[in-house]
Amino acid sequence: MAKILIINGSPRKKNTYGLLKRIEKEFSGDTIEFINVSDYDVKACVGCEQCLRKGVCHINDDATKILDKMVEADGIIIGAPVYLRQIPGNLKNIFDRGCAWYHRSPIVGKPIFFVTTTQVTGTKSLMSYFKDLTVQWGVIYAGSINKTLFNLEKPYKIKKLDKFKKYSNKDNIIKYRPSMKQIFEFHTQKVLASEILPLDKTFWEEKGYMDKPYFYTCRINIVTRLLGYLYYKFLQNIISKNKTV
Ligand SMILES: Cc1cc2nc3c(=O)[nH]c(=O)nc-3n(C[C@H](O)[C@H](O)[C@H](O)COP(=O)(O)O)c2cc1C
């Protein structure tokens, strides 16, 4: 039985909420928590970078409550309406407040599924942002259901949720095959951890990531593994040269 977190990132409980509620019904047997970001007080990041450098955020509000729920879940479904081709500000605030996750992700290997609604436009650019987020967080992009207001009420293919359900069971993670982009991003983060931020270095060493081809054991073929390693050495070389200048 998996623990699924569903996040409605809209400031209101209407189109995205309704679609997420339909999707929630596909998870009988699992433990579901459904939250609306509008029910939480999450302030905008002030840019102090204390989370990156010291591992603490001095803003006292509900951001950590939501971020902690994401850490505790086995799988996360994030719903968002398109706002000017992007996510709404209140949802963005949560991700910004978890900025350190770009360096020290506490949710690697979890599947994330996205649900979007729009009047007509912007789905592609919104999904591009979401997909990039998954690469940075080291999570598994498990697909999406994207609706315009013209087809909002039409059924979606239940099969779309198969990948998400599969990887919500942690035992299946070993079968996952990360993309080249994910491998390269892993090594970029590794170089930053080893050469730039001391807090990242400690975290990466404690997690045992430094000697690994990816965050966790999964399917990586020998060529991808080698390319990842060479890319890491290349980046490390550039950074150490610049450090000594
Ligand atoms: C501030 C704002 C910006 C929006 N931007 C777009 C847009 O760029 N393209 C579009 O087709 N619809 C846009 N919409 C419409 C919403 O994406 C659409 O109505 C969505 O389904 C609302 O979801 P909700 O009911 O969950 O809030 C926008 C709506 C708002 C309020």
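Trainee: Leaving aside its neighbours within four places in sequence, which residues is K110 in contact with?
Mentor: This is a predicted model. K110 is found in the loop between α4 (89-97) and β4. Setting aside neighbours within four places in sequence, the residues in contact with K110 are M70, V71, E72, A73, D74, I76, V139 and I140.

Trainee: Is K110 buried or exposed?
Mentor: Buried means under 20% relative accessible area. K110 has a relative accessible area of 12%, so the residue counts as buried.

Trainee: What distance separates the C-alpha atoms of K110 and Q189?
Mentor: Along the chain, K110 and Q189 are 79 residues apart. Q189 belongs to α7, where it takes part in the contact with α8. In space, the C-alpha atoms of K110 and Q189 are separated by 18 Å.

Trainee: In what order do the five strands stand in the open sheet?
Mentor: The pairing in this sheet is parallel. β1 (residues 3-8) pairs with β2 over six bridges, and five bridges join β1 to β3. β3 pairs with β4 over six bridges, and β4 with β5 over seven. The order is β2-β1-β3-β4-β5.

Trainee: Which strands stand at the edges, each with a single partner strand?
Mentor: The order of the open sheet is β2-β1-β3-β4-β5. A strand at either edge has a single partner, so one side of it is left without a neighbour in the sheet. The edge strands are β2 (31-36) and β5 (140-148).

Trainee: By how many degrees are neighbouring strands of this sheet turned against each other on average?
Mentor: The sheet is open and has five strands. With direction ignored, the average turn between neighbouring strands is 15 degrees.

Trainee: Which residue in β3 is the bridge partner of N8?
Mentor: β1 has partners on two strands. Towards β2, I4 stands opposite I32. Towards β3, the bridge partner of N8 is G79.

Trainee: Which residue in β4 is the bridge partner of P81?
Mentor: β3 and β4 run parallel and are paired over six bridges. Further along the sheet, I112 has Y141 in β5 as its bridge partner. For P81, the bridge partner in β4 is T117.

Trainee: How many of the seven residues of β3 are buried?
Mentor: G75, I77, G79 and P81 point one way from β3, and I76, I78 and A80 point the other way. Residues on both sides are buried. β3 is therefore largely enclosed by the rest of the structure, and the count of buried residues is seven of the seven.

Trainee: How many of the nine residues of β5 are buried?
Mentor: β5 stands at an edge of the sheet, so one of its sides has no neighbour there. Even so, β5 is largely enclosed by the rest of the structure, because the buried residues number seven of the nine.

Trainee: Which strands are included in what covers the buried residues of α1?
Mentor: Helix α1 (residues 15-24) has the buried residues N15, T16, L19, L20, I23 and E24. Their cover includes β1, β2, β3, β4 and β5.

Trainee: At about what angle does helix α5 run to β4?
Mentor: Helix α5 (residues 123-137) lies across β3 (75-81), β4 (111-118) and β5. Its angle to β4 is about 165 degrees.

Trainee: What term describes the packing of α7 to α8?
Mentor: Helix α7 (residues 180-195) and helix α8 (residues 198-207) have axes 7 Å apart, at an angle of about 120 degrees. That angle makes α7 to α8 oblique.

Trainee: Which residues of α7 and α8 make the contact?
Mentor: By class, the contact has three nonpolar, two polar and three charged residues. α8 gives D200, K201 and W204. α7 gives F186, Q189, K190, A193 and S194.

Trainee: What kind of aromatic pair do Y167 and Y176 form?
Mentor: Both residues are buried. Their rings are 5.5 Å apart centre to centre, with 85 degrees between the planes. Planes over 60 degrees apart count as edge-to-face, so the pair of Y167 and Y176 is edge-to-face.

Trainee: Which residues form one aromatic cluster with F186 and Y209?
Mentor: F186 and Y209 are both buried and form an edge-to-face pair at 6.4 Å centre to centre, with 70 degrees between the planes. F186 lies in helix α7 and Y209 in the loop between α8 and α9 (222-244), 23 residues apart. The other members of their cluster are F203, W204, Y214, F215 and Y216.

Key
Residues numbered from 1 in each chain as written. Predicted model: local features only at pLDDT ≥ 70, side-chain atom pairs only at ≥ 80, totals over all residues. Heavy atoms only, no water. Pairing = 2+ DSSP bridges. Helix = DSSP H or I, 4+ residues; strand = E, 2+ residues; numbered from the N terminus. Axes fitted to C-alpha atoms, helices over the stretch in contact; angles between N-to-C directions. Contact = heavy atoms within 4.5 Å. Parallel < 35°, antiparallel > 145°, perpendicular 65-115°, else oblique. Nonpolar A, V, L, I, M, F, W, Y, C, P; charged D, E, K, R; others polar. Phe/Tyr/Trp six-rings, centres within 6.5 Å; stacked < 30°, edge-to-face > 60°. Buried < 20%, exposed > 50% of the residue type's maximum accessible area, 1.4 Å probe, protein only.
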